[in-house]
Every structure is written in structure tokens, then in C-alpha cells.
Amino acid sequence: ISACYYDKEDELYPPNSGPKSNVSFSADVIPILTNNCFVCHSAAAALGNVILEGHDQTLIYVNNGSLLGSIKHESNFFPMPNGSANLSNTLIETIEVWIAEGAKNN
């Protein structure tokens, strides 16, 4: 089975098209977590005792560096999402900008 060109998020939304400022936790970050992380890291699943549901829980992993370390596949972090395709550069950039702007609950 061949994939359609339009199935490639990075080609549809090049890295430069990502948000540059004012990233919202509720509007921008939660959808990323919901679509890519909650299957394993919701309160119901809690695999590895990691819960990313809600701002307070997510902030734990922002503050200890493991959220970015894992999604960027940095050494000393377990690469995430486990068993799935890597997050696109655009999605990672969105989370990076949100963190750089103070990881606010907005």
C-alpha cells in the first residue's frame, strides 16, 4: 500500500509554518498530547507512571526536562511516542515555544 503525498505532515506544514509566539496550552498543546500521548499517558492508562493529562501533571515533565527530552529523542531519555512515528518538527516546535513562553496554563 502506498501512502499519499498529503499524508506527510511536515510537507503540508513545513517547520517554518509553526507558531512563533503565544502558544496556548489548551488550544495548541493539549491537542498534541491528546493525539500522540494520552493513549499511554492519560490518568486511565498511566503507563510508566507518567500522566500528561492536565496542566499540573504536564508541568512536572516540563520542569524535569523529560517531556522535551523524550519527544526530541535526546540521550538519557526514553524516546516517545513509543512504537509510533516521531512527532513532526512542527509539533515539537509548538511544545518548545510553549515551554519557552513559560509553559502557562492558558
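## Where two helices meet

Which residues in helix 2 meet helix 6, and which residues in helix 6 do they meet? On the helix 2 side they are Phe25, Asp28, Val29, Ile32 and Asn36. Their partners in helix 6 are Leu91, Thr94, Ile95 and Trp98. Keep in mind that this is a predicted model.

How do the two helices sit against each other? The axes of helix 2 and helix 6 come within 10 Å and cross at roughly 135°. Helix 2 and helix 6 are therefore oblique to each other, and their crossing is left-handed.

## The chain as a whole

Stepping back, the chain has six helices and zero strands. Read from the N terminus, its elements go α-α-α-α-α-α. Of the 106 residues in the chain, 32% are buried.

Then there is the matter of who touches whom along the sequence. Take the contacts between residues at least 6 apart in sequence: 55% of them join residues at least 24 apart.

## Helix 2 and its two sides

Back to helix 2, whose buried residues include Phe25, Val29, Ile32 and Leu33. These residues cover an arc of only 100° around the axis, which puts them on the same side of helix 2. There's a simple background rule here: an α-helix has 3.6 residues a turn, so residues three or four places apart point the same way.

Turn helix 2 around, and the face away from its buried side carries Ala27 and Asn35, both exposed. As for the buried residues, their cover includes helix 3 (38–41), helix 4 and helix 6.

## Helix 4 and its two sides

Helix 4 spans residues 55–63, and its buried residues are His55, Thr58, Tyr61 and Val62. Looking down the axis of helix 4, you'd find these buried residues within an arc of 125°, so they line one face of the helix. On the other side of helix 4 sit Asp56 and Asn63, which are exposed.

What covers the buried residues of helix 4? The cover includes helix 2 (25–36), helix 5 (66–71) and helix 6 (89–100). After helix 4 comes Gly65, which has a positive phi, near 85°.

## A closer look at Thr58

Thr58 is a handy residue to zoom in on, and its place is in helix 4. Is Thr58 buried or exposed? Thr58 counts as buried because its relative accessibility is 0%.

Setting aside neighbours within four places in sequence, Thr58 is in contact with Phe25, Leu33, Ile51, Leu52, Glu53, Leu67 and Trp98. Then there's Ala103, 45 residues away from Thr58 along the chain: the C-alpha atoms of the two are separated by 9.4 Å.

## The nonpolar core

Now for the largest nonpolar core, which has 20 residues. Leu33, Leu52 and Trp98 touch the most other members of this core. At least two core residues each come from helix 2, helix 4, helix 5 and helix 6, and helix 6 gives the largest share, five residues. As a general point, nonpolar side chains in soluble globular proteins tend to be buried together.

Which residues does Leu33 contact, leaving aside its neighbours within four places in sequence? Leu33 is in contact with Phe25, Phe38, Leu52 and Thr58. Trp98 also turned up earlier, as one of the helix 6 residues that meet helix 2, and as one of the contacts of Thr58.

Conventions:
Residues numbered from 1 in each chain as written. Predicted model: local features only at pLDDT ≥ 70, side-chain atom pairs only at ≥ 80, totals over all residues. Heavy atoms only, no water. Buried < 20%, exposed > 50% of the residue type's maximum accessible area, 1.4 Å probe, protein only. Helix = DSSP H or I, 4+ residues; strand = E, 2+ residues; numbered from the N terminus. Arc of directions from axis to C-beta. Contact = heavy atoms within 4.5 Å. Core = buried A, V, L, I, M, F, W, Y, C linked by side-chain atoms within 4.5 Å. Axes fitted to C-alpha atoms, helices over the stretch in contact; angles between N-to-C directions. Parallel < 35°, antiparallel > 145°, perpendicular 65-115°, else oblique. Left-handed = near helix turned anticlockwise from the far one by under 90°.
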